[in-house]
Amino acid sequence: MEATAGLVAGSHNNHELVVIRGGEKSCRPIKQTNGRICKICDDDVGTSHDGELFVACNECAFPVCRPCYEYERRDGNQRCPQCKTLYRRHKGSPRVEGDDEEEEVDDLYHEFDLGRQTIETFGRDTEAQRHEHSGPLYRFPLTGRQLPLLTNGQETESVDPPPDRHALMVSTPSFSGGGKRVHPLPYSTVTSSVPVQSARSMDPSKDLSAYGYGSVAWKERLDSWREKQEKTHTSLAEGAEMADRGGDFEYGDGPDLPSMDESRQPLSRKIPLASSLVNPYRMLIIVRLIVLGFFFRYRLMNPVEDAYGLWLTSVVCEVWFAVSWILDQFPKWLPINRETYLDRLSLRYEPDEQPSGLASVDVYVSTVDPLKEPPLVTANTVLSILSVDYPVEKIACYVSDDGAAMLTFESLAETSEFARKWVPFCKKFDIEPRAPEVYFSHKIDYLKDKIQTNFVKERRAMKREYEEFKVRVNALVAKAQKVPEEGWTMPDGTPWPGNNVRDHPGMIQVFLGQSGGHGTDGNVLPRLVYVSREKRPGFHHHKKAGAMNGLVRVSAILSNAPFLLNLDCDHYINNSRAIREAMCFLMDPLLEKKVCFVQFPQRFDGIDRNDRYANHNTVFFDINLKGLDGIQGPVYVGTGCVFNRRAVYGYDPLLKPKPNKSSCYDWCCGPRKEKRNKQSALSQHVTNKKKSKKLSGQQLPMHTMQTIDEGVEGFEDDRSNLMSSFATSLAKRFGQSPVLIQSILLEDGGIPQEASPGSLLKEAIHVISCGYEDKTEWGNEIGWIYGSVTEDILTGFKMHCRGWRSIYCMPSRPAFKGSAPINLSDRLHQVLRWALGSVEIFLSRHCPLWYDYGARLKCLERLAYINTTVYPWTSLPLVAYCTLPAVCLLTGKFIIPTISNFASLWFISMFISIFATAILEMRWSGVGIDEWWRNEQFWVIGGVSAHLFAVFQGLLKVLAGIDTNFTVTSKSSEDDSFGELYQIKWTTVLVPPTTLIVINLVGIVAGISDAINNGYQSWGPLFGKLFFAFWVIVHLYPFLKGLMGRQNRTPTIVIVWSILLASIFSLLWVRIDPFLAKPKGPNLESEMEKDVRAILRDGAVSPSAASTAVSKLNLLSPN
């Protein structure tokens, strides 16, 4: 893709495609080396007489076409250019001097007719054959029968190839007959489940040297090697059997695994926590559960008669808190750690002097409003991506501008120019981190471990370049503050297509690419693409989820990497080897087919030292997600996540059928229902079309095209019809884009070689048109799922329901870092948005409480998802529970009756178990007590404010159709002074917690006053009520501190509303139960008086007698 192709804008619905800023050079097709191109003449390798891929050298499989092979044998040195092995004669090739006379087949017929056949057959290998070779999912047709290995009329044992880099003969399953394909596979792939057989039969009576296998000494070495391989396969087979029994098995280093070459060692391993840390923690959870049961038994059997309403309210709230604790606690039952081996990854996929075998990665950066998300922050994120420690040809960065802002476009153009200097500097001196703003602002010894003499000079020059870059970007920001009346225009005078944010065409600009992006050192830079999807009135664009799906389709057409990394615009790459960390899981042969994504924890810069509002969220990232990693994997948190593209497309993982056994562990960790095999599902599709309609889209596997190309037994004539119906089903799922469907069918990624950049850009504009997703499964089963403002929870939930598992990767150096809102108002609005998304999921069909119980979602994983959607509803009992202390102090009543010494043990045991569980959690997770306490405080602050509003807004949106606006959290590019920490912006979310603080303070004053008024005996019951009120105030203290601000300046409206509500509540209490002395003494009302009252009620006396009786009763009773 040409970087100078210019900005391409257009709308597929309006049939327009405009190159706004075209380049002078014409676009050239991308040269892609995929193993089927001759390394000598750049022509197609072609096929052999059997229809298989032609392989000239059976030792290293160096790609050479047939004419070059014939020329090398006839006029050259007759050896392979790569491994220098003597070429052997293939079937149909003329004999040359030195050929071995003992061939497997004596091909005299082809020998005399070869010249004409070579000219006619291989001369006709034109565009038709080339198109067939580079199709969506190229498969080699299998013809003929597999000959038995016979020597002297007897079957002989097959001999494995020597332990070098070989061309392995891999048996391929087929419905119509035998056959073999030759693939250039490295030696490290022997550990896979692919059976390895010899390429030809051997006569034991002959010397091995006749077949090119050396002497008898070689045979002894081969026997030793085979014995070692059998041990290796036995160990791996036992591990696979353990995986079948236990769910997820990930091998690691151990005494049972034989010593192997370093490149064949596992790329990662799972490290269970020490039993001395986990076992007491689990035992205490069970003890706490038992204590909880006895506690509720006492609470239910001992109601408070004179305060029945308060008692019932408190019991209901406590039961809800107990259920919430169970949902949060048990998913942390199996915490684990993980370790990666980056050196083994390099040895396996990056051999010396050979092209890198690492998989390609497409990186997505999403932004909306450049005024709330400063362009300088986005530029630093992009620069850290372009300079990542990964092969440059394997990285493509896509920036989604969902606000169609010219400011974002121009700042990205400046970023691409600065990247030509920044990226070579980072890779030359191997600096960390590679976001320039963070790197130059760190107060560290930048000379440490830097031995180059010119480092200081180049660093100073680069810092000057960055300061000039900041000046240019800030000038663009200042210019964008005032929008011209006629709208923005580009430097060449062309009107900016995105002047109308709600009505504009789709736009794509390739800033850097393989043929247009080079650094100052002359090396190629990663691809950088600007994307702004089309928006028109009357279409629902689904906010961030829709933008992410647009990036998935555009990247599938332009680069089509098998893995995707998504980042927020303010999350830069802090560890340049973070992508390699993820590849240790996604490219692991035992994990890659069942891992949907690798999630990294979120870390933040610019947080105040005390982390007043729990912005680090350490308890969630270091405890909850680490516990989920031991079950089915962590939830997707919206950023810092590397996806498997197959999982994003809605496909099921390739899982082995598990044995039909049931146990309590299986019930907790996964359903035992066996799923149908993919091949049987396809044959069912062929034989019974009615049943095929019942198959959901995600049950159609990616390797279906292989089966179609090979043919299905009994249905060879319907092959074209089957392919047509399959293509139609894919078009219904993914949309009407043949190029997109073709890229989806490429299992290993990449784009077709013959595609031109112009056609690709035109198709990319088509797939981001606003009506492309109509009547497709995008947003329902494919890509980021629609239906909630927290699309991350829904997307990860759907993947886990299909049986995928996720991985939690916590490298020693944090992989990504971002910014977080540090002032109270923005922080509460951020939590409000998250909670609103959870409420929307709870009220939708995707609620984990009832969604798809026949799926492969494990029980404890489901509990975790239930907790993520239920937690906002805890705000209702939490607000009621925080109000109870004030009510008790104002009314003189309490929610607990007078307890005995034995009953007090349950309360004491309850408090001890709560604190002991927290201490053990902090012990195995490494979370500090200050972080844990901040998390507890903000749980109460958010629960009585943002979560409460989220519940009501969610109900209004779902039941009444009243939508709420999506508020983008402001990001700051300067966070050293913490000035925003003391900023208070008026919002109604501040009213409920302020009111709770005021009424509890009023209750404390009223309770102490009442105790002083009634004497010493009233102080005993008062202490329990005061403790209850202080518990609420202490948890809300960070909110109170933030509300007061640096200069104790609180918004007037907050004070007015809080005082008004507290005054109304207090006046109601004064009216109902004022501070009056309670009369105490003997009861003066006798039985006669009761009789008189009864007579008066019956009306059996005269009026004069009745008035006399009433006056006497009034004297006896003051009430």
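Where does UniProt place the feature "active site"? The unreviewed entry puts it at Asp-402 and Asp-792. UniProt positions follow the numbering used here, feature names are shortened, and annotations may be inferred rather than shown by experiment.

**Before you click**

This is a predicted model, in which local features need pLDDT of at least 70 and side-chain atom pairs count only at pLDDT 80 or more, while totals for chains, interfaces and linings use all residues. Residues are numbered from 1 along each chain as its sequence is written, and side-chain values use heavy atoms, with hydrogens and water left out.

**The whole protein**

Show the whole protein as a cartoon. It has 36 helices and 20 strands. Helices (H or I, at least four residues) and strands (E, at least two) are DSSP runs, numbered from the N terminus. Of the 1119 residues, 51% count as buried. Buried means under 20% relative accessible area, exposed over 50%, and partly exposed in between (1.4 Å probe, protein chains only). Now think about contacts, meaning heavy atoms within 4.5 Å. Among contacts with a separation of 6 or more, 77% join residues 24 or more positions apart.

**Stop 1: Asp-402**

Select Asp-402. It sits in the loop between strand S11 (395-401) and helix H10 (406-429). Its relative accessibility is 8%, so Asp-402 counts as buried. Set aside neighbours within four places in sequence, and Asp-402 contacts Thr-367, Val-368, Arg-533, Lys-535, Lys-543 and Ala-547.

**Stop 2: Asp-792**

Go to Asp-792, in helix H24 (residues 791-801). Asp-792 is buried too, with a relative accessible area of 13%. Leaving out neighbours within four places in sequence, Asp-792 touches Tyr-636, Val-637 and Gly-638.

**Stop 3: Lys-544 and Asp-568**

Which residues carry the UniProt feature "binding site"? The unreviewed entry names Lys-544 and Asp-568. They span 25 residues in sequence, yet no two of their C-alpha atoms are more than 10.5 Å apart, so they gather at one spot.

Select Lys-544 in helix H13 (residues 543-558). At 22% relative accessibility, Lys-544 counts as partly exposed. Beyond neighbours within four places in sequence, Lys-544 contacts Ser-366, Asp-568, Gly-638 and Glu-791.

Move to Asp-568, in strand S14 (residues 563-568). Again without neighbours within four places, Asp-568 contacts Val-365, Ser-366, Thr-381, Lys-544, Gly-638 and Thr-639. Gly-638 is worth colouring: it is on the contact list of Asp-568, of Lys-544 and of Asp-792.

**Stop 4: H24 against H26**

Return to H24 and add helix H26 (residues 859-870). Their axes come within 12 Å and cross at roughly 160°. Axes are lines fitted to C-alpha atoms, for helices over the stretch in contact, and angles run from 0 to 180 degrees between N-to-C directions. H24 and H26 are therefore roughly antiparallel to each other. Angles under 35 degrees count as roughly parallel, over 145 as roughly antiparallel, 65 to 115 as roughly perpendicular and the rest as oblique.

The crossing of H24 and H26 is left-handed. That term applies if the near helix is turned anticlockwise from the far one by less than a right angle; clockwise gives right-handed. Show the side chains: Ile-793, Gly-796, Phe-797 and His-800 in H24 meet Glu-861, Tyr-865 and Thr-868 in H26. By class, this contact has three nonpolar, three polar and one charged residues. Ala, Val, Leu, Ile, Met, Phe, Trp, Tyr, Cys and Pro count as nonpolar, Asp, Glu, Lys and Arg as charged, and the others, Gly among them, as polar.

**Stop 5: H27 and its partners**

Select helix H27 (residues 875-891) and helix H31 (residues 991-1014). Their axes come within 7 Å and cross at roughly 25°. That makes H27 roughly parallel to H31. The crossing of H27 and H31 is left-handed. On the H27 side, the contact includes Val-879, Cys-882 and Leu-889; on the H31 side, it includes Leu-996, Ile-999 and Gly-1003. The residues of this contact divide into eleven nonpolar, four polar and no charged.

Now swap H31 for helix H32 (residues 1019-1035). The axes of H27 and H32 come within 9 Å and cross at roughly 145°. This crossing is also left-handed. Among the contact residues are Tyr-881 and Cys-888 of H27, with Phe-1028 and Trp-1031 of H32. This contact of H27 with H32 has twelve nonpolar, no polar and one charged.

**Last stop: Val-287**

Finish at Val-287, in helix H6 (residues 275-301). At 43% relative accessibility, Val-287 counts as partly exposed. Then draw a distance to Met-910: the two C-alpha atoms are separated by 9.8 Å, with their positions 623 residues apart along the chain.
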